[in-house]
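Let's take a walk through this model, one piece at a time. Keep the viewer open and follow along.

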Amino acid sequence: MKVGILSDSHGNTRAIDAMLAHPETRDIGLWFHAGDVVPDAEYLAMMADTEVVRVAGNCDWPDARIQDDEVRDVAGHRIFLTHGHIYGVRYTTGMLREQAEACGADIAIYGHTHVAEISPGNLTVLNPGSIARPRDAQHGSFMVMELSPDQPPVVRLIRFSADPAINSRYGVLHE
């Protein structure tokens, strides 16, 4: 199954539109939005016509309908999704890893730092960076993950610009 991962869109629907125009987003069967800003996940679901699993971030007002963490079983994998602010991810992913392992997850997705990370292992830890306000590069980023039962996830980090003119001038931006 092909899964999309994004975080920290901060109300920038133009960045979501540019991301969805990227060829890598074709045939995505499920999206994970790791918080900041929850209405963006609703916008993504509407535009992509695909389910979006979402969590609240530190910029989202408390809302009993939106959880801080979600756990989903997808294609033989258990995925733990959180924004990460309640686990202190700016300093270490230790508490995040402990919680994901306690949930039986083999994949943990978080955001908050606006810095992309792919850490493979028994617990694969992923941060897609930010599609709207990256702190680790000039262009925003998201991830595409291929999941198959009994296989490690295959993850690609994709850099792109919210400005379509830049994407067409330089081609598709990948990392």
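Start at Arg159, which counts as buried because its relative accessibility is 6%; buried means under 20% relative accessible area, exposed over 50%, and partly exposed in between, using a 1.4 Å probe and protein chains only. This is a predicted model, so local features need pLDDT of at least 70 and side-chain atom pairs count only at pLDDT 80 or more, while totals for chains, interfaces and linings use all residues. Residues are numbered from 1 along each chain as its sequence is written, and side-chain values use heavy atoms, with hydrogens and water left out.

Arg159 sits in strand 10; helices (H or I, at least four residues) and strands (E, at least two) are DSSP runs, numbered from the N terminus. What does the side chain of Arg159 reach? One partner is the backbone oxygen of His139, at 3.2 Å. There is also a polar contact of 3.0 Å between the side chains of Arg159 and Asp136. For the record, a polar contact is a pair of N or O atoms within 3.5 Å; within protein, one must be able to donate a hydrogen and the other to accept it, and residues adjacent in sequence count only if both atoms are side-chain atoms.

Now zoom out to the sheet. It is open, has five strands in the order 3-2-1-9-10, and its pairing is mixed; two strands pair if DSSP finds at least two bridges between them. Strand 3 (52–54) and strand 10 (154–160) are the edges, each pairing on one side only. From one strand to the next, the twist averages 20°. Strand 10 runs antiparallel to strand 9 (residues 140–146), and seven bridges join them. One landmark there is Phe142, whose bridge partner in strand 10 is Ile158.

Strand 1 is next. Is it enclosed or open to the outside? Five of its five residues are buried, so strand 1 is largely enclosed by the rest of the structure. In a regular strand the side chains alternate between the two faces of the sheet. Here both faces are covered: Lys2, Gly4 and Leu6 are buried on one side, Val3 and Ile5 on the other. Strand 1 pairs with strand 9 in the antiparallel sense over four bridges, and Gly4 stands opposite Val144 in strand 9. With strand 2 the pairing is parallel, again through four bridges, and Val3 has Leu30 as its bridge partner in strand 2.

Helices come into play too. Strand 1, helix 1 and strand 2 make a right-handed β-α-β unit; right-handed means that, with the strands pointing away from the viewer, the path from the first strand over the helix to the second runs clockwise. Helix 1 (residues 13–21) lies across strand 1 (2–6), strand 2 (30–33), strand 9 and strand 10, at about 125° to strand 10. Axes are lines fitted to C-alpha atoms, for helices over the stretch in contact, and angles run from 0 to 180 degrees between N-to-C directions. Helix 2 (residues 38–48) lies across strands 1, 2 and 3, running at about 175° to strand 3. In helix 2, Val38, Asp40, Ala41, Tyr43 and Leu44 are buried, and the buried residues of this helix pack against strand 1, helix 1, strand 2 and strand 3; contact means heavy atoms within 4.5 Å. Just after helix 2, Asp49 takes a positive phi of about 50°.

On to the aromatics. Rings of Phe, Tyr and Trp (its six-membered ring) pair if their centres lie within 6.5 Å; planes under 30 degrees apart count as stacked, over 60 as edge-to-face and the rest as tilted. By this rule the count comes to three aromatic pairs. One of them, Trp31 with Phe142, is tilted, at 6.5 Å centre to centre and 50° between the planes. This pair links distant parts of the chain, with Trp31 in strand 2 and Phe142 in strand 9, 111 residues apart. Trp31 is buried, with a relative accessible area of 1%, and Phe142 counts as buried at 0% relative accessibility. Another pair, Phe80 and Tyr87, is edge-to-face: 6.1 Å centre to centre, 70° between the planes. Both Phe80 and Tyr87 are buried. Back at the sheet, Trp31, Phe142 and Phe160 form one aromatic cluster.
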